[in-house]
Amino acid sequence: MHLKRFLYNILLAVIFITYNSCSNTIDSNHEMQALLASVASANAVPANDYASDVKLRHIDSVLNTSDNASLTAVALYSKACISLQAGDEKSSETILNDLLNNQNFHVNQRIVKKELALTYLRMGEKSNCMLNHTGESCIFPVAGQGIHFNKYGSQRAIELYTELLDQKPDDLEARWLLNIAYMTTGQYPQGVPSAYLIKNLDKDSSSVHIKPFTDAAINIGLNTKNMAGGTLVDDLDNDGYLDIVTSSWDLGGHMHYCRNNKNASFSDLSQSSGLEGFTGGLNIMQTDYNNDGLKDIFVLRGAWKGPFGREPNSLLRNNGDGTFTDVTKESGLLSLHPTQTATWNDFNKDGWLDVFIGNESYDPPYDDNACELYINNKNGTFTNVAIQSKVNISAFVKGVTSGDYDNDGWPDIFISTLNNRKVLLKNEGIVNGVVQFKDVTQQAGLTNCTAKTFGTWFWDYDNDGWLDLFVANYDFYNTGAWYAAAEALHLPTGNAAKQYLYHNNHDGTFTDVTEKAGLNKIAFAMGSNFGDLDNDGYPDIYLGTGNPSFESLTSNKLFKNVDGKAFADVTVSARVGNLQKGHGVAFADLDNDGDEDIFIEVGGAYTGDAYQNSLYINPGQNNNNWINISLEGVATNKVAIGARIKVTFKENGVERSVYRDVNSGGSFGAKPLTQHIGIGQATSIESIEIKWPVGDAVQVFNNIKPCTNIHIKQGATSYTTTRLTNCDFLSQEANLIRCGVPLKPSNL
């Protein structure tokens, strides 16, 4: 195995050297696209778990030469499983039924029947939720237009799961999937055998409820069908309206760019912008690496693929004319390490954005991919100082975030990994000309978090002026279905897949308040982000759940922040619990009605697990007010990442403040840099204070009218306001335009 990896790395080195030696006269976009194609070709081998087509051809070659019944049975079962991953449910069904009925094959009947039941579930999902998609498809609990009209797949799955449970009643995975199958037929709970019923799946687990959201993606053509990938929502053309970019992690999947037309429609600029030519990328985020005021795009590639994940990241320069240019090589950011996570911040406080990249060390020393810290040279290039800065961590990194947790003016770094290791790196400023970091994990009280973890972010969830820390638990030993059933039945689950919330003690340490805050809930959190859905000033959480396993049919989760003291699971009442795999998440007021909506990239790791993305429109939860604040740095980086905002107001006669740190939110999904801040029932804002990351002066504005979009430039004595058009994505008119392409009424 190690020899194969060695030879594979030699091949990639040749590709890498060839790419670096290309003439600069060759278009840089075509160069990167050619490099991605070369890496994809090198990865098309049977040993790659996600190369389904190649694996199927390999199995067929084994079957063509085998005359051993036992070996044939194993190969056929593998072919059935991989066919399902590739989206060929019919082949999987045929093979599995043959294995069960052919007396020449001696197989574990239970294992084969479970795979067959799963195949039938997937058949139901494909013929209903995917091929006849509606805004309610696969929303947990399944109801309304989400109920399958073609019930063949679900009914066959019900028959098999019932049989499996009759034989083994304590099979929690089968029990969960049986209840889901009954939901898709419209027979939950009344049709579920009482012995196998999981009660109250159609109710919130707490007494807190919110108004239901509506998925409007299909209305306006934003329901792109992707595999797992990233989400970026921000104003990319500086017209004040939010645009959307998505990616797909597979090197055969293309990026999509939908520009906001300001009239409840989007135009598909994927091709004209040049972004369509770029493939791959499990995560994407915005930056402004050259300080020109235009948001650039950073694409992260290779995550989860182990030795086959040596794919290049891409830095895509925003040209300001609707196009993007790959500047990865010329900027010095080209490397071949598997990753999906990075954080942009001005770590050395020189007014230019730097980037820390958390790489995945899969099997050191054979796949040792240390983290990288690239310092901006202020001329379009970067220098990697990870070793000098003492941040060259080697671990299976799944999330990184940056923020000034100790309020000393220097942005710090937190690293989340699958190695049961979490790292807090305190920024100690410039030493001998280079920014220095110190590992203070133990001193900060974060060593009790020993689980495998994923998404993470700094935030001030209780508005005390100090950044707290959220870390998503990704530690589990059974499937998502098993844990979902166990939690619903109040059975022990240990600490598997339960979140971590750390409260900042204002002295450099943190306290684990997860249980106290009610966040010790199971969620296989991958894509994740936060925002204020009810404008009460306290940020809420949305978690995209899942893993590559098709059995992990568990819903995405929404947790409402209750006065900065606790979190309530409101997934059911909000109608945002998509059962498909959840990845890049962004909170954003896309329809400009004063409350944040949720956009999520949905889809799994295998080609047969692609799914439509969702845009959950917030119906408005109350009459709370808000303010949108966009910042423009001068001494600070132009997009003001790292700036601290304090909004003070009186609500019902009581003065309080809301604090925000300018960044794009969680480590898996990028929301706008413009900060949407709820102010509750306040009818005026007493003051807005801006603490810029570079420059000592605190900028203060008083007596600001709420429900306004304001733009503040560093050092200016006044701010500007912008009026945005409300866009009703749920109207009939919106249905007539899909991503800029008019539809005939007959097509609705």
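This report describes the nonpolar cores, one buried loop residue and several backbone features of a predicted model.

The largest nonpolar core holds 91 residues, and those touching the most other members are Leu99, Tyr161, Trp176, Tyr542, Leu558, Ile598 and Tyr616. Because domain 1 (32–185) and domain 2 (214–617) both contribute residues, this core lies between them. A second, separate core of 58 residues includes Leu334, Phe382, Ala640 and Ala643.

Leu558 illustrates the packing. Leaving aside residues up to four places away in sequence, Leu558 touches, among others, Ile210, Leu533, Ile541, Tyr542, Val570, Val576 and Ile598. Asp569 and Thr571 are also among the contacts of Leu558.

Asn663 occupies the loop between strand S35 (654–661) and strand S36 (675–680). With a relative accessible area of 14%, Asn663 is buried, because this value falls under 20%. Its side chain reaches the backbone nitrogen of Gly665 at 2.8 Å. Beyond residues up to four places away in sequence, Asn663 touches Phe530, Pro672, Leu673 and Gln675. Asn663 and Gly642 are separated by 21 residues in sequence, with a C-alpha to C-alpha distance of 6.6 Å.

Two residues that are not glycine have a positive phi, as tabulated below.

| Residue | Phi | Relative accessible area |
|---|---|---|
| Lys390 | about 65 degrees | 52%, exposed |
| Asn652 | about 55 degrees | 67%, exposed |

Lys390 lies in the loop between strand S15 (382–384) and strand S16 (397–403), and Asn652 in the loop between strand S34 (644–651) and S35.

Cis peptide bonds also occur in loops. The bond from Phe140 to Pro141 is cis, with omega near -5 degrees, and Pro141 lies between strand S1 (139–140) and helix H7 (152–167). Tyr188 and Pro189 are joined by a cis peptide bond with omega about 0 degrees; Pro189 is found between helix H8 (172–184) and strand S2 (214–215).

Note on methods
Residues numbered from 1 in each chain as written. Predicted model: local features only at pLDDT ≥ 70, side-chain atom pairs only at ≥ 80, totals over all residues. Heavy atoms only, no water. Core = buried A, V, L, I, M, F, W, Y, C linked by side-chain atoms within 4.5 Å. Buried < 20%, exposed > 50% of the residue type's maximum accessible area, 1.4 Å probe, protein only. Domains from an automatic or database assignment. Contact = heavy atoms within 4.5 Å. Helix = DSSP H or I, 4+ residues; strand = E, 2+ residues; numbered from the N terminus. Polar contact = N/O pair within 3.5 Å; in protein donor to acceptor, adjacent residues only side chain to side chain.
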